[in-house]
Amino acid sequence: MRRTPTDIKIPDLSGRRAVITGASDGMGLGMAARLAAAGAEVILPVRNSRKGESAIAEIRRAVPGANISLRGLDLSSLESVAALGERLREEGHPIHILINNAGVMTPPNRQTTADGFELQFGTNHLGHFALVGQLLPLLRDGLARVTSQISVAARRGNINWDDLNWERSYDGMRAYSQSKIAFGLFGVELERRSKAHGWGITSNLSHPGVAPTSLLAARPELGRSRDTPQVRMIRALSARGILIGTVETAKLPALMAATDPHAKAGALYGPSGLGNLGGPPAEQRLYPPLRSPEDAERVWRVSEELTRTALPAT
């Protein structure tokens with residue numbers, strides 16, 4: 001089956017500083033290249049500096065003269081998040097675009113972050129929550145667009161309020177879904193608070209649909225020594241153009257949400273094909289678990305407590 005070419009136009013981003021997590025490979029790397037090609041100064045906060053240097057070399061081959069550089073960041077460590085925040089604040093440059101893209105998915109056994117949180121909740125949600133808190137002055141200075149990458153896994157499920165860190169019983173997929181629901185609620189609440197307190201930040205959400213990214217591939221550091229059957233099936237379907245997307249199309253919803261002048265505050269962007277699994281990016285209705293203002297406020301409050309990150313009201 002032949003695919004219909006899918007792409008979006010990205011506006012001129014000259015003079016804009018963009019920060020994107022999870023950009024050392026996969027769709028994050030593709031996003032970073034597109035931002036650089038549009039003229040942005042792109043900051044890649046990475047955990048693995050060797051992968052980061054390889055990513056920069058690849059981007060510069062595609063975009064000669066790209067203004068792109070690395071910073072250190074391990075989202076599973078609040079100390080590392082604070083160190084990045086301190087460094088970028090010392091640099092003093094406004095941030096105009098922040099794409100919270102990094103994530104981990106379904107370790108077969110429960111793992112924890114450096115701070116003792118369940119790995120998916122701590123990395124996918126709490127790490128990014130703390131990062132936004134650390135960067136808030138720079139985001140306000142840049143009147144930033146903050147795009148948070150969630151997942152189709154946030155379409156259903158709930159927050160396990162009685163056991164947020166899955167200490168009593170661990171289910172990898174349910175824990176992943178919770179992390180993305182919490183992250184989505186955070187993005188919605190960030191927009192509400194920015195509007196209420198005059199921060200000048202625009203917050204919205206994106207999801208990549210389903211594509212053959214590295215999330216379900218072999219990850220020895222997660223206790224996954226080989227590719228999962230799911231990712232092998234996803235690769236086969238993607239290669240044949242059946243139902244789901246590619247790494248190239250999966251990056252487009254986040255890029256649309258982060259750069260399109262008409263992208264809406266508080267909205268969700270994802271693939272518009274069957275089941276929202278692939279296809280061109282478009283605005284979508286917020287998933288049911290993301291529509292409760294009470295849950296959004298509760299996630300925010302709990303996240304402040306757990307990360308010891310108090311975001312000012314003014």
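This talk goes through how the helices of one predicted model pack together, and then looks at its cores and a few single residues.

I'll start with H3 and H4. H3 covers residues 78–91 and H4 covers residues 119–141. Their axes come within 9 Å and cross at roughly 20°. An angle under 35 degrees counts as roughly parallel, so H3 is roughly parallel to H4. The crossing of these two helices is right-handed. On the H3 side, the contact is made by Leu 78, Val 81, Ala 82, Leu 84, Gly 85, Glu 86, Leu 88 and Arg 89. On the H4 side, the residues are Leu 126, Gly 127, Ala 130, Leu 131, Gln 134, Leu 135, Pro 137 and Leu 138. By class, that contact has 11 nonpolar, 3 polar and 2 charged residues.

One residue in that list deserves a second look, Gln 134 of H4. Is Gln 134 buried or exposed? At 19% relative accessibility, Gln 134 is buried, because the cut-off is under 20%. Leaving out residues up to four places away in sequence, Gln 134 touches Val 81, Ala 82, Gly 85, Glu 86 and Arg 89. Each of those five appears among the H3 residues of the contact I just listed.

Next, H4 and H5. These two pack at an angle of about 20°, with their axes 7 Å apart. H4 is therefore roughly parallel to H5, and the crossing is again right-handed. From H4, the residues involved are Gln 120, Phe 121, Asn 124, His 125, His 128, Phe 129 and Val 132. They meet a set of H5 residues that includes Gly 172, Ala 175, Tyr 176, Gln 178, Phe 183 and Leu 190. The residues of this contact divide into 9 nonpolar, 7 polar and 1 charged.

Here too there is a glutamine to look at. Gln 178 is found in H5, and at 0% relative accessibility it counts as buried. What does Gln 178 touch, not counting residues up to four places away in sequence? The list is Phe 121, Asn 158, Ile 159, Asn 160, Leu 164 and Trp 166. Of these, Phe 121 is one of the H4 residues in the helix contact.

Trp 166 brings us to the backbone. Trp 166 lies in the loop between strand E5, 145–149, and helix H5, 172–197. Most residues other than glycine have a negative phi. Trp 166 has a positive phi of about 55° although it is not a glycine. Trp 166 is also buried, with a relative accessible area of 2%.

There is another residue of this kind, Arg 308, with a positive phi of about 55°, and it is not a glycine either. Arg 308 lies in the segment after helix H9, which runs 293–307. Where Trp 166 is buried, Arg 308 is exposed, with a relative accessible area of 78%.

Back to packing, with H5 and H9. Their axes are 8 Å apart and the angle is about 95°. That makes H5 roughly perpendicular to H9. H5 contributes Ala 182, Leu 185, Phe 186, Glu 189, Leu 190 and Arg 193, and H9 contributes Asp 295, Ala 296, Glu 297, Val 299 and Trp 300. The split is 7 nonpolar, no polar and 4 charged.

Now the cores. The largest nonpolar core has 48 residues, and Leu 139, Ile 150 and Leu 290 touch the most other members. H3, H4, H5 and H9 each supply at least two residues of this core. Which helix gives the largest share? It is H4, with 10 residues. As for Leu 139, leaving aside neighbours within four places in sequence, it is in contact with Ile 95, Leu 98, Val 132, Ala 144, Val 146 and Ile 201. Apart from this core lies another, of 37 residues, among them Met 31, Ala 32, Val 46 and Met 256.

Met 256 leads to the last item, helix H8. The buried residues of H8 are Leu 252, Pro 253, Ala 254, Leu 255, Met 256, Ala 257, Ala 258 and Thr 259. That is 8 of the 8 residues of the helix, so H8 is largely enclosed by the rest of the structure.

Key. Residues are numbered from 1 along each chain as its sequence is written. This is a predicted model: local features need pLDDT of at least 70, side-chain atom pairs count only at pLDDT 80 or more; totals for chains, interfaces and linings use all residues. Side-chain values use heavy atoms; hydrogens and water are left out. Axes are lines fitted to C-alpha atoms, for helices over the stretch in contact, and angles run from 0 to 180 degrees between N-to-C directions. Helices (H or I, at least four residues) and strands (E, at least two) are DSSP runs, numbered from the N terminus. Angles under 35 degrees count as roughly parallel, over 145 as roughly antiparallel, 65 to 115 as roughly perpendicular and the rest as oblique. A crossing is left-handed if the near helix is turned anticlockwise from the far one by less than a right angle, and right-handed if clockwise. Contact means heavy atoms within 4.5 Å. Ala, Val, Leu, Ile, Met, Phe, Trp, Tyr, Cys and Pro count as nonpolar, Asp, Glu, Lys and Arg as charged, and the others, Gly among them, as polar. Buried means under 20% relative accessible area, exposed over 50%, partly exposed in between (1.4 Å probe, protein chains only). A nonpolar core is a set of buried Ala, Val, Leu, Ile, Met, Phe, Trp, Tyr and Cys residues joined through side-chain atoms within 4.5 Å.
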